[in-house]
Amino acid sequence: MIPLSWYLIAAAALFCIGLFGVLSRKNAVSILMSVELMLNAVNINLVAFWHYHTQLQGTSQIAPQVFVAMVFIVAAAEVAVGLALIISAYRRRETPVVDEMTLLKG
Amino acid sequence: MSGLQVVFLIVAVVTLFSGVMVVASRKMMHSALWLIMTLLGVAILFATLQAGFFAIVQVLVYIGAISILIIFTLMLTRRVMDEETTQVIKGWWLPALMAVILFGLLAGLLATWEDFQGMLNELPADVENLAAFGTALVNPAGYVIPFEVASILLLAALVGAIYIAMERKEKAE
């Protein structure tokens with residue numbers, strides 16, 4: 001069967017790809033997409049640990065499943081609000097570039 | 001190497017390659033389509049972990065809802081960025097270096113854990129036990145408080161999103 005380490009390494013790599021995207025992309029929508037990558041990497045970890053813990057304990061563990069569901073919910077809420085903010089700022093400034101979004105500057 | 005390991009390696013390579021293309025594509029729409037590919041790969045990884053429910057939820061919520069939202073936003077804001085030659089900031093090597101260092105640190109830290117080489121054995125087919133999961137979500141002795149808080153968070157986020165994105169005519173003058 002598959003070693004646990006493979007999942008952890010794959011998730012760590014996906015998380016780092018997302019981190020690079022968040023730090024380096026100019027477009028706000030790109031940054032949100034990279035955040036999605038990072039959240040997905042966390043979910044892979046949680047589901048892998050759910051499998052491992054269930055295997056050790058013998059019965060299905062509820063807490064990891066609840067955690068995964070929470071990550072899904074928070075990701076959906078974050079995307080909805082984030083995209084609404086981007087559309088609202090785009091309407092004022094005609095730009096999706098983060099560096100040019102200076103509406104809050106005094 | 002067993003068949004499942006080969007499947008895992010193929011899916012993981014495709015997922016990570018799509019992930020790199022999400023952050024490396026010059027065209028935003030290509031980036032969004034690669035994101036869908038990555039999310040599908042993650043769903044297949046869930047399926048290989050025998051978490052069939054979350055694989056389906058991943059397809060429904062991420063591919064069905066979130067990526068459609070992202071594509072809609074791209075279509076509403078696409079004008080400016082398509083002619084740009086680059087999508088990344090000037091000093092992009094610094095985040096790249098940071099990501100590589102973080103990956104090295106994470107891998108090194110995980111390798112010191114004694115169960116790191118543990119094998120994931122095949123569980124019985126009905127292991128997910130969705131009835132117990134669903135009951136725990138509405139059980140006062142279980143997770144009803146986090147469940148309700150998450151519901152209210154989602155509702156507030158959606159109402160807030162509608163309010164923020166709404167076009168106000170009097171301000172448009």
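Helices here are DSSP runs of class H or I with at least four residues, numbered from the N terminus. The exercises below concern a predicted model.

**Exercise 1.** Determine which helices of chain B contribute to the nonpolar surface patch that includes B:M37.

*Solution.*
- Step 1. List the members: B:M1, B:V6, B:L9, B:I10, B:V14 and B:M37 form a nonpolar patch of about 540 Å².
- Step 2. Place B:M37, which belongs to helix 2 of chain B.
- Step 3. Find the main contributor: helix 1 of chain B gives the most, with four residues.

**Exercise 2.** Characterise the extent and chemical nature of the interface between chain B and chain A.

*Solution.*
- Step 1. Count the residues in contact: 85 of chain B meet 71 of chain A.
- Step 2. State the area: the two chains bury about 7500 Å² between them, with 78% of it on carbon and sulfur atoms. More of chain B's buried area comes from B:V23, B:L49 and B:L120 than from any other three residues, namely 9%.
- Step 3. Examine the polar terms: the rule finds zero salt bridges across the interface, but 14 residue pairs in polar contact, both residues at pLDDT 80 or more.
- Step 4. Assign the secondary structure: helices 1 (3-24), 2 (28-48), 3 (52-76), 4 (93-111), 5 (130-137) and 6 (144-165) of chain B each supply at least two residues of the side touching chain A. Helix 3 of chain B provides the largest share, 11 residues.
- Step 5. Classify this side of chain B: 63 residues are nonpolar, 16 polar and six charged.

Methods. Residues are numbered from 1 along each chain as its sequence is written. Chains are lettered from A and ligands numbered from 1 in the order in which they are written. This is a predicted model: local features need pLDDT of at least 70, side-chain atom pairs count only at pLDDT 80 or more; totals for chains, interfaces and linings use all residues. Side-chain values use heavy atoms; hydrogens and water are left out. Contact means heavy atoms within 4.5 Å. Buried area is the accessible area (1.4 Å probe) that two parts lose on being put together, summed over both. A salt bridge is a side-chain nitrogen of Lys or Arg within 4 Å of a carboxyl oxygen of Asp or Glu. A polar contact is a pair of N or O atoms within 3.5 Å; within protein, one must be able to donate a hydrogen and the other to accept it, and residues adjacent in sequence count only if both atoms are side-chain atoms. Ala, Val, Leu, Ile, Met, Phe, Trp, Tyr, Cys and Pro count as nonpolar, Asp, Glu, Lys and Arg as charged, and the others, Gly among them, as polar. Patches are made of residues with over 30% relative accessible area and no salt bridge: like charges are joined within 9 Å, nonpolar side chains (Val, Leu, Ile, Met, Phe, Trp, Tyr) within 5 Å. Accessible areas come from the Shrake-Rupley method with a 1.4 Å probe; for residues, only the protein chains shown count as cover.
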